[in-house]
Amino acid sequence: MTTDTVTDVFEENRPLLMGVAYRMLGRVADAEDVVQDAWLRWSRDDRTQVREPRAYLVRITTRLAIDRLRTVQARGEAYVGPWLPEPYVTDFGDTVPDTADRAVLADSVSLAVLVVLESLSPLERAVFVLREAFGYPYAEIAALLDRGEAAVRQLAGRARRHVEERRPRYEVDPVQRRELTERFLAAAAGGDLDELMALLAPDARLVGDSGGKAKTPRRILESADKVGRFLVAVAPQGVPDLSIRLIEINGGVAVLVLSGDKPDSVFQVDVADGRVTTVYIMRNPDKLRYLAAL
């Protein structure tokens, strides 16, 4: 391959590699580092024997992500308050025309699923991501991970059961989610407790991630009453030079709150049966800096 061809092949596959790495790690910076390391290996390796560049690149990226995840888990760093993945801007555009495929991809990168994936082993997570998000056959996953196909099927089954048992129920209808997000935003911004209570499911939860660097609840709030009253209490505090923008992160509509041109917070809601079941608030500035360029 010429230098131009080597670069073109990698760039063609970069979105896929970033998608695999982010779902494996839940951290944009770590995913970008893994993809960069994959590029370095791809650019210097002997490619004369590489018959399927995409499979080769996915294999490198997956293994690097597994190593990175093992390192993160081994460090066992304490995190202040609830943890959420870094917001990941998703815009499938015309690249995923099929509605069913779009729903699968959106679900695989959702905050609810990524939180549950944190409790899987690195190998379980890799198998789950490759199988459930990208539809790789078991035999191909086995080859990518140097594992037997039977072992991979066992890992996949265990991971799938774990995720299904622990993730909260929600719907991914983008129209309904956007409508409820806009109504919820208006009620929260206006401090309208009655409207919030009408929108919240009785067992609604609020998960706030600040890493101890901004104001959010240090514990998950449970029940519509607690969630609604918290949102009404914080509404009058305001944000200097506030502006609001609807964006798509992690497969669904979200609210980006800006203070001047600096991201202050991101809100996203999960919806089931026409009501808000989970409110996610992300305020850790380290996790929001990637949104500054939007």
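Colleague: Why does Arg63 count as partly exposed?

Modeller: This is a predicted model, and in it Arg63 has a relative accessibility of 29%. Partly exposed covers what lies between under 20% and over 50%, so Arg63 gets that label.

Colleague: And what makes the meeting of Asp146 and Arg63 a salt bridge?

Modeller: Their side chains come to 2.4 Å, N to O. The cut-off is within 4 Å, so the pair qualifies. Asp146 sits in the loop between α7 (138-145) and α8 (149-166), while Arg63 is in helix α3, so the bridge ties together parts that are 83 residues apart in sequence. The structure holds 21 salt bridges.

Colleague: How do you know that Glu149 and Arg153 form a salt bridge?

Modeller: Their closest N and O atoms are 3.2 Å apart, and the limit is within 4 Å, so the pair is counted. Both residues lie in helix α8, 4 residues apart, about one turn of the helix. Glu149 is partly exposed at 36%, and Arg153 is partly exposed at 43%.

Colleague: What about Glu182 and Arg178, why is that called a salt bridge?

Modeller: The side chains meet at 3.4 Å, N to O, which is again within 4 Å, so the name fits. These two belong to helix α9 (residues 174-189), 4 residues apart, about one turn of the helix. Elsewhere, salt bridges that share partners join Arg27, Glu118 and Arg125 into one network.

Colleague: How do you know that Arg23 has no salt bridge?

Modeller: Look at the nearest side chain of opposite charge: that's Asp107, and it is 9.2 Å away. A salt bridge needs atoms within 4 Å, so Arg23 has none, although Arg23 is buried.

Colleague: What does the side chain of Arg23 make a polar contact with?

Modeller: With the side chain of Ser108, at 2.8 Å. The cut-off is within 3.5 Å, so this one counts. The Arg23 side chain also reaches the backbone oxygen of Gly19 at 3.1 Å. Arg23 itself is in helix α1 (residues 3-25).

Colleague: Why is the aromatic pair of Trp42 and Tyr56 called tilted?

Modeller: The angle between the planes is 55°. Under 30 degrees would be stacked and over 60 edge-to-face, so 55° lands in tilted. The centres are 5.9 Å apart, and the limit is within 6.5 Å, so the rings do pair. Trp42 lies in helix α2 (residues 28-44) and Tyr56 in helix α3 (residues 53-75), so the pair ties together parts that are 14 residues apart in sequence.

Colleague: Is Trp42 buried or exposed?

Modeller: Buried: its relative accessibility is 0%, and buried means under 20%, so that settles the matter. Tyr56 is partly exposed, at 24%.

Colleague: What makes Val116 buried?

Modeller: Val116 has a relative accessible area of 6%. That is under 20%, so Val116 is buried. You'll find Val116 in helix α5 (residues 111-117). Val116 and Val163 are 47 residues apart in sequence and 6.1 Å apart in space, C-alpha to C-alpha.

Colleague: Why is Met282 called buried?

Modeller: With 1% relative accessible area, Met282 falls under 20%, so the word applies. Met282 belongs to strand β6 (residues 275-282), and its contacts include Leu84, Ile249 and Val266.

Colleague: Which residues have the most contacts inside the largest nonpolar core?

Modeller: Met24, Leu117 and Val266, in a core of 64 residues. Helix α1 gives the most to this core, with 11 residues.

Methods: Residues are numbered from 1 along each chain as its sequence is written. This is a predicted model: local features need pLDDT of at least 70, side-chain atom pairs count only at pLDDT 80 or more; totals for chains, interfaces and linings use all residues. Side-chain values use heavy atoms; hydrogens and water are left out. Buried means under 20% relative accessible area, exposed over 50%, partly exposed in between (1.4 Å probe, protein chains only). Lys and Arg count as positive and Asp and Glu as negative; His and the chain ends are not counted. A polar contact is a pair of N or O atoms within 3.5 Å; within protein, one must be able to donate a hydrogen and the other to accept it, and residues adjacent in sequence count only if both atoms are side-chain atoms. A nonpolar core is a set of buried Ala, Val, Leu, Ile, Met, Phe, Trp, Tyr and Cys residues joined through side-chain atoms within 4.5 Å. Rings of Phe, Tyr and Trp (its six-membered ring) pair if their centres lie within 6.5 Å; planes under 30 degrees apart count as stacked, over 60 as edge-to-face and the rest as tilted. Contact means heavy atoms within 4.5 Å. Lists of a residue's contacts leave out its neighbours within four places in sequence.
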